[in-house]
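Colleague: I'd like to walk through this one together, with you explaining how to read each feature as we go. Shall we start from the picture?

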Amino acid sequence: MIMNKCLYCIFWSVGLFVATFYCLLAQEGEAFKFTGKELLPIAQSHIMPMIMAMTLYLLDVLYAISMRKNNQDKSLFWILSTIIVFMVTFVFSLLVNCNVLGWVLFILSWLSLTILKFQTTESEQSPYLITED
């Protein structure tokens, strides 16, 4: 059973790498030399595929959580959802070539980060707990 899981994860990882970073495989020795390069080509060849691969993985995790019978992971659902929104809107704010749309996407990514902070911050509890005996 563990061997099947390992093989599945290895094939999944290799397949995802080849599907998202096929352009890196064609660059011999120049794939990670960024000196003198502009942001947009780097964002298109490196940042976008990596963020989208992580987003797809998180969507898969989110789907698995939502399929559980005893769905008590509501906070985890919110956390993963806001992380996904943050990553996607941030990377697209880098890729669009429009100032207004870039600002809208950047603000959406920042709002999702704020919601993430709100969801993960514990409410302050009183140090004096009053109980009835």
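Colleague: Which polar atom of the backbone lies 2.6 Å from a polar atom of the side chain of Ser93?

Modeller: The general idea first: a polar contact is a pair of N or O atoms within 3.5 Å; within protein, one must be able to donate a hydrogen and the other to accept it, and residues adjacent in sequence count only if both atoms are side-chain atoms. Here the partner is the backbone oxygen of Phe90, 2.6 Å from a polar atom of the Ser93 side chain.

Colleague: Before we go on, what sort of model is this, and how are things numbered and filtered?

Modeller: This is a predicted model, where local features need pLDDT of at least 70 and side-chain atom pairs count only at pLDDT 80 or more, while totals for chains, interfaces and linings use all residues. Residues are numbered from 1 along each chain as its sequence is written, and side-chain values use heavy atoms, with hydrogens and water left out.

Colleague: Good. How many helices and strands are there in the protein?

Modeller: Elements are DSSP runs, numbered from the N terminus: helices are H or I with at least four residues, strands are E with at least two. The protein has 5 helices and 0 strands, so the order from the N terminus reads α-α-α-α-α.

Colleague: Back to Ser93, then. Is Ser93 buried or exposed?

Modeller: Buried means under 20% relative accessible area, exposed means over 50%, and partly exposed is in between (1.4 Å probe, protein chains only). Ser93 lies in helix α4 and counts as buried because its relative accessibility is 15%. Across the protein, buried residues make up 23% of the 133 residues.

Colleague: And which residues does Ser93 touch, not counting those up to four places away in sequence?

Modeller: Contact means heavy atoms within 4.5 Å. By that test, Ser93 touches Gly102, Leu105 and Phe106. Phe92, also in helix α4, is in contact with Met48, Met52 and Leu105, again leaving aside neighbours within four places. Phe92 is partly exposed, at 29% relative accessible area.

Colleague: How many residues apart along the chain are Phe92 and Met48?

Modeller: They are 44 residues apart, with C-alpha atoms separated by 8.0 Å. For the whole protein, take the contacts between residues at least 6 apart in sequence: 55% of them join residues at least 24 apart.

Colleague: What about Met52, where is that found?

Modeller: Met52 is in helix α3 and counts as partly exposed, at 25% relative accessibility. Beyond its neighbours within four places, Met52 is in contact with Val88 and Phe92. The Met52 C-alpha is also 8.6 Å from that of Thr20, 32 residues apart along the chain.

Colleague: Now the inside. Which residues make up the largest nonpolar core?

Modeller: A nonpolar core is a set of buried Ala, Val, Leu, Ile, Met, Phe, Trp, Tyr and Cys residues joined through side-chain atoms within 4.5 Å. The largest one has 11 residues: Ala43, Met48, Ile51, Leu58, Leu62, Ile65, Leu80, Ile84, Met87, Val91 and Leu95. Helices α3 (39-66) and α4 (74-95) each supply at least two of them, and α3 gives the largest share, 6 residues. For a look at the packing, take Met87: outside its neighbours within four places, Met87 is in contact with Ile51, Met54, Thr55 and Leu58.

Colleague: Does α3 hold a buried serine as well, or an exposed one, at Ser45?Modeller: Ser45 is in helix α3 and counts as buried, at 13% relative accessibility. A polar contact of 2.6 Å joins the side chains of Ser45 and His46. Leaving aside neighbours within four places, Ser45 is in contact with Phe21, Cys23 and Leu24.

Colleague: And on the outside, which residues form a nonpolar patch on the surface?

Modeller: Patches are made of residues with over 30% relative accessible area and no salt bridge (a side-chain nitrogen of Lys or Arg within 4 Å of a carboxyl oxygen of Asp or Glu). Like charges are joined within 9 Å, and nonpolar side chains (Val, Leu, Ile, Met, Phe, Trp, Tyr) within 5 Å. Here the patch is formed by Phe90, Val100, Leu101, Trp103, Val104, Phe106, Ile107, Leu108, Trp110, Leu111 and Leu113, with about 1,000 Å² of accessible area together. Such areas come from the Shrake-Rupley method with a 1.4 Å probe; for residues, only the protein chains shown count as cover. Helix α5 (residues 99-120) supplies the largest share of the patch, 10 residues.
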